[in-house]
Amino acid sequence: MQSDFDTSDCYTIEGKLALPYTYFAGRVGSRFITTLRDQHKIMGVRCAACDTVFVPPRQTCERCLGDLTDSWCEVGSRGRVVNFTVVRYPDRHLPRPVPFVLAMILLEGADTPIVHLLEGIPPEQVAVDMAVEAVFAETTTNTIRDIDHFKPCDA
Amino acid sequence: MARRVAICAAAQIRNEANIWYQRFQGMLLECFESLVDQTGLTFDMETGVRNVVTCSDDVFDARTISDNGMTDVVGAHYRGEEKMAQDGLNGLGYAMAAIMSGHDDLVLLLGHCKESQSESRHMCTNLAFEPFFTRPLGLDFLSAGGLQARAYMTRAGLTEDHLAEVVVRSRRLAAANPFARENAAVTHQAVAASPLLADPLRELHYYPVTDWAVGMLLCCEERAHEFTDKPVWLTGFGSSMDSYYLGERDLAFSTALQQASQRAFKMAGGVDARDVGLFELNDAAAYQMPLWAEGVGLVPPGDGARWLDADGPDRHQVNRSGGMLNGNPLMLGGLARALEAFYQLRGEAGDRQVDGLERALAHGTTGPAGQHHAVLIMEN
Ligand SMILES: [Zn+2]
């Protein structure tokens, strides 16, 4: 602030944006979520043109522009860590008390890693390339958090 | 042949941590009045400003259609007014296109962001993630930055010492800029001792919460002399969008930035990074300065650490302003880069002036871990 700025009659008020929504997950997103929720299977889609298995799935390959709606393939619920960060700043939008680990996990049979929570291991012991497996949630949220988290497993 | 376009004048308020005592309208009004004072521009419907481009973000402003609350103070009443909700550098590119195309002779550009207004800017950027696969995990731009930092540091051999040097240099250079956010000078030890936020990113590796507003007057070549005797020409612009999901991108090298740069260089007459005397790169975090230097073609892919070791940032005049890392708000980090290049090309950069400068590159990025990139080539 400029030292000569007149702050008389300057006051602040508190406010909040809090607006409930109902989101459509899309046909492809819906099938991914219901399959995950009801069968504990993680599904991707494969683009034959660029030979890429996308997780999360998508209706269209943005590179080849092909329709992938019926190109489902199941990927593994196990994979390996290809990248990670340790979230250490507390905040309201975070799913866990800090510190917790967000990892990029390449599932068996997938070409694109997904981001998810990695638990069951102290953050300082997490390493790239470690093998992990999904732990499915006991109650559904109809989101990717129908996988509760990933945990280390034998390679 | 498309018309040439120049920035004829610019105005800003100081970057500050918390401008609680001014509404964003007031912040913009200061910039607006300065532009009128500098140029004598009018709002005559025949010869004056008929089109205004504003840059702002709904979530940071906590109101949708965030432009409609300040069109009066930016002179937009009964005029064309359009809003850019990506980094403001895209607003500059849009205003440039409006003049090149012959749509209008003059465009007024204004941008603002008050990061301090929300309890948490990370809650704001969490909303950039869709609600099924990523948002529920708490991803935001800081944690996405942590993931990108690890990917890039591994690829390019960057260490904590490299990051500390980038931060110390940023603070040192920004201290020469009277409009820069006022930060404490830091030592390498202080950077290395600052708390980890999203490993390997520490608090001082990431830009601080900042409020700011900025304005520019753009004009076609034929009329630029009405407003300035030192026009800065906008000769090339390019942008490129990368994949949405982090897992579909190469976080350690930005093909999108490479493409945006190549488009801008081509439009500027087939120049390349070797022809640029000043680079202003949109580094929200310390690791991004070398990463973006690779993306614009200044540094070979994967050579970021070697480039830093060889004093590359000083030799190539990269972020003489201190960069976004010293403190510009999100959504304006790229427009702030263009503003710095404008002052440099006019010879008005004071103690941070680069001598003999003819061409500069300004870079802006929008989205987590640099999803979208825009590059502007500017010449005097
Ligand atoms: Zn494809």
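Helix H3 (residues 88–100) of chain B and helix H12 (residues 333–346) of chain B pack at an angle of about 60°, with their axes 5 Å apart; helices here are DSSP runs of H or I with at least four residues and strands are runs of E with at least two, numbered from the N terminus, while axes are lines fitted to C-alpha atoms, for helices over the stretch in contact, and angles run from 0 to 180 degrees between N-to-C directions. The model is a predicted one, in which local features need pLDDT of at least 70 and side-chain atom pairs count only at pLDDT 80 or more, whereas totals for chains, interfaces and linings use all residues. Residues are numbered from 1 along each chain as its sequence is written, chains are lettered from A and ligands numbered from 1 in the order in which they are written, and side-chain values use heavy atoms, with hydrogens and water left out.

Where the two helices touch, B:Gly88, B:Leu89 and B:Leu92 of H3(B) meet B:Gly334, B:Leu335 and B:Ala338 of H12(B), contact being heavy atoms within 4.5 Å. These contact residues divide into four nonpolar, two polar and no charged, in a scheme that counts Ala, Val, Leu, Ile, Met, Phe, Trp, Tyr, Cys and Pro as nonpolar, Asp, Glu, Lys and Arg as charged, and the others, Gly among them, as polar.

H12(B) also leads to the sheet of chain B, for this helix lies across strands E1 (5–12), E4, E7 (211–220), E8, E9, E10 and E11 of chain B and runs at about 105° to E1(B). The sheet is open and has nine strands in the order E3-E2-E4-E7-E1-E8-E11-E10-E9, with mixed pairing; two strands pair if DSSP finds at least two bridges between them. At its edges are E3 (80–84) and E9 (278–280) of chain B, each pairing on one side only, and neighbouring strands are turned by 25° against each other on average, direction ignored. Helix H8 (residues 255–267) of chain B packs on this sheet as well, touching E8 (232–241), E10 (359–366) and E11 (372–379), with its direction at about 145° to that of E8(B). Within the sheet, E2 (residues 51–55) and E4 (residues 106–114) of chain B run parallel and are joined by four bridges, and B:Cys55 stands opposite B:Gly111 in E4(B).

Chain A has an open sheet of its own, with three strands in the order E2-E1-E3 and antiparallel pairing. Its edge strands are E2 (52–54) and E3 (72–75) of chain A, and the twist averages 40° from one strand to the next. Strand E1 (residues 42–47) of chain A pairs with E2(A) over three bridges, and A:Cys47 stands opposite A:Thr52 in E2(A). Helix H1 (residues 27–39) of chain A lies across E1 and E3 of chain A, at about 145° to E1(A).

The two chains meet where 35 residues of chain B are in contact with 44 residues of chain A. The area buried between them is about 3,500 Å², of which carbon and sulfur atoms give 64%; buried area is the accessible area (1.4 Å probe) that two parts lose on being put together, summed over both. In chain B, B:Phe132, B:Phe133 and B:Leu137 lose the most area to chain A, together 22% of what that side buries.
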